[in-house]
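Visitor: I have a complex to look at. Can we go through it together?
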4 protein chains.
Amino acid sequence: MSDRTAVEGVSDKRTAILEATLDLISERGFHNTPVSLIARTAGVSAGIVYHYFSSKEELINELYRGVKLETIRAMLADYARDLSLQERFLGIWSNYVQFSLNQPTKGLFLEQFENSPYIKHVMGEDFVQALAPFFDLFEQGMDEGVFKPLPPVVLFDLGFSAASSLVKRHVAGVVVLDDELVQAAANACWDAVLR
Amino acid sequence: MSDRTAVEGVSDKRTAILEATLDLISERGFHNTPVSLIARTAGVSAGIVYHYFSSKEELINELYRGVKLETIRAMLADYARDLSLQERFLGIWSNYVQFSLNQPTKGLFLEQFENSPYIKHVMGEDFVQALAPFFDLFEQGMDEGVFKPLPPVVLFDLGFSAASSLVKRHVAGVVVLDDELVQAAANACWDAVLR
Amino acid sequence: MSDRTAVEGVSDKRTAILEATLDLISERGFHNTPVSLIARTAGVSAGIVYHYFSSKEELINELYRGVKLETIRAMLADYARDLSLQERFLGIWSNYVQFSLNQPTKGLFLEQFENSPYIKHVMGEDFVQALAPFFDLFEQGMDEGVFKPLPPVVLFDLGFSAASSLVKRHVAGVVVLDDELVQAAANACWDAVLR
Amino acid sequence: MSDRTAVEGVSDKRTAILEATLDLISERGFHNTPVSLIARTAGVSAGIVYHYFSSKEELINELYRGVKLETIRAMLADYARDLSLQERFLGIWSNYVQFSLNQPTKGLFLEQFENSPYIKHVMGEDFVQALAPFFDLFEQGMDEGVFKPLPPVVLFDLGFSAASSLVKRHVAGVVVLDDELVQAAANACWDAVLR
DNA sequence: TATGAATGAGGCTTCATTCAT
DNA sequence: AATGAATGAAGCCTCATTCAT
């Protein structure tokens, strides 16, 4: 037990810092979120943050990587090659919406991060791996002549850009994203990629 | 000339401040863009900024309103009710892409602003008016049974979300948005909204 | 008429500036009273203040001299050598209280000014003249053996310090300075100077 | 010694800041005493001031409370109910004068503070307790028919207002407050409160 | 006389980061 | 591994004063 405590003790604080950072930044923004506040929220001292992360920037980058990977993986939950193209496509859509609605801070954080010139994002090998199923999906769809003959990234945007926009609308209270609407929107995007 | 000087003289500095703010924020972010740098870039003193704007926040809000309105109007250039639904839809698409590629700082600024919890955006009557043609378009399309029976905002997202994503891909160097690709993407989104 | 307008026009603005300064400083303090606010309150431009006064400091000094002289003169209204010592003493007391209650801003301003190291007060010949009756009173009282044999300034403080303290109590709402109380206090101070 | 160091270590900087603030403000005024100068004089960084005080205003308020309490307590040194009314009264007088002459900055600071609309003073329970002996003195004096039948605050002002005025005269060089003069003045004020 | 835009120094405060303990 | 006092650079903003008109 002392072993676990020791081991988890470490990651506990690290995790607490990351979670506090996520919550604070998603509702206050990068600036307006001082390290001292992150520390207080996480229940640790300001100094210890620099034991786990070399700088505030690295902390935020680390958080970005984690949240981004988690989001990608959530989108691909249940993804299986033996499902039809459409089943996989629609599955990603509903996974994404469900995840975003359950974890609103993560979406807000990602959008903020990705639209800020403040911090340059560096992606590593694990991202390439995590994203592979998307390319797999679109390449298979093109090979089979089911999808429009466009670069996979373009198909990706055609297929999923609207999803995050709609989630923002929902968060803003402009629309209510119930199952029916999600399915309708997902099917509309399916029409967009379909040849 | 003395006429123009007199007239423009009043707003010259104000305009210079707004333009400097746009350029700096789009490439450096909200923070990392001190008022002192804005002033220096605009060729004015730091103090005078507060003669034209009551705070940095108000300056940025004012800038947002101006850029947003300009973008909306650019999208609707040539918009005319006697054009077909598809012509109008595709026109908006190409107007948007063209404007975004010509004025990359404005798109970057808008995305950053709209995804930041830092500043709350307040829109006024002029926005409602400027956006009217979009609602006009989608409502007419639904009335005629051409578009899917979905809320106008949803149709808007289905129709245009991908556009800004693709522009970002272009700016990031991932794809090259030539005319052919823009048309293909625009037509794909047309498929998305089409019944 | 044009003559009067021209002449009064000048002093009108000067007076308006002085009055605005008095009101603002008495309720906001020296700092926290920018020249720009003084100008706005007086209904003039900021620049013109420097036509009438060479600096903010001089403006305040000028104001001090005027208010101080006015206060001294108000205390000595009705002062006449043919009145008894006690009549003159009590007259000063009630004049002071009456003036202070009617013109609360002036007392506040004087106290603030005289207790601030910010601005060094320079008094001129007119002050010496205006204050002469006080010395006259106390010297006569000493010569006649009616007052305690103390320096006139000391007799002055013994005789009148309590007056301003009581006015402040009244302004603060701690006591109500009605006629009866003023007379009682004045008589008590008369006891203090009386041999 | 290590003990004292440890104990004092905590409040050392806080105390240094308060002392520097007192000295600087008493000779320069509230404004004209920037926080940066306070910090430099105290031998600390500017930032740390905000670790101990939430703002410059709070710092000054805190200082006021401390100096005021110290002054009140100094006035009441040796105060004892078994002394006669007159002994107590005259003791307060000489305590006050002695304290003021020994600690001229404190008197200057108090006067400046109390006559400035800049900062609103809030007094707490400790003030009420510290001031109790004054009320005790005046109420007893009235009950015994020794003092004039006036509100305690009024008796207080009649009894002690002149003291601070005279100290200011001394500081200004107008009179020399030697023991003889202090006693004469104190006795004169005793006459003022005496029935 | 009069305006008010403009300047620029300086004030208060915040905050990422370090370091003695 | 942990604390939190401490630093000092930098940010936003104010304001006395000037000057072109």
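Visitor: How far apart do the closest C-alpha atoms of chain A and chain C lie?
Guide: They lie 28 Å apart, and no contact joins the two chains. Contact means heavy atoms within 4.5 Å. This is a predicted model, where local features need pLDDT of at least 70, side-chain atom pairs count only at pLDDT 80 or more, and totals for chains, interfaces and linings use all residues. Residues are numbered from 1 along each chain as its sequence is written, chains are lettered from A and ligands numbered from 1 in the order in which they are written, and side-chain values use heavy atoms, with hydrogens and water left out.

Visitor: And what about chain B and chain C?
Guide: Those do not touch either; their nearest C-alpha atoms are 12 Å apart.

Visitor: What rotation superposes chain C on chain D?
Guide: A rotation of 180°, with 0.0 Å of shift along its axis and an RMSD of 0.1 Å. The two copies are thus related as by a two-fold rotation axis. The fit is by least squares on the C-alpha atoms of residues with pLDDT of at least 70 in both copies.

Visitor: Which residue of chain C comes closest to that axis?
Guide: Ala192(C), with its C-alpha at 2.4 Å. Both copies use the same surface: 100% of the contact residues of chain C recur in chain D.

Visitor: What about chain A on chain B?
Guide: Again a rotation of 180° with 0.0 Å of shift, at RMSD 0.2 Å. In chain A, Ala192(A) has the C-alpha nearest the axis, 2.4 Å from it. Here 97% of the contact residues of chain A recur in chain B.

Visitor: Switching to DNA. Which residues come nearest to strand F?
Guide: Tyr50(B), Lys56(B), Val35(C), His51(D) and Tyr52(D), out of 29 residues around the strand. A residue is near if one of its heavy atoms lies within 4 Å. Sugar and phosphate make up 75% of the strand F atoms that come within 4 Å of the protein.

Visitor: Which side chains lie by its phosphate oxygens?
Guide: Among them is Lys56(B), with a side-chain N or O atom 2.6 Å from one. For Tyr50(C) the distance is 2.9 Å. A polar side-chain atom of Lys13(A) lies 3.1 Å from a phosphate oxygen.

Visitor: Which helix gives the largest share of that surface?
Guide: Helix 3 of chain A, with 5 residues. Helices here are DSSP runs (H or I, at least four residues), numbered from the N terminus.

Visitor: How many residues of each class?
Guide: The surface near strand F has 14 nonpolar, 11 polar and 4 charged residues. Asp, Glu, Lys and Arg count as charged; Ala, Val, Leu, Ile, Met, Phe, Trp, Tyr, Cys and Pro as nonpolar; the others, Gly among them, as polar.

Notes
A polar contact is a pair of N or O atoms within 3.5 Å; within protein, one must be able to donate a hydrogen and the other to accept it, and residues adjacent in sequence count only if both atoms are side-chain atoms. Helices (H or I, at least four residues) and strands (E, at least two) are DSSP runs, numbered from the N terminus.
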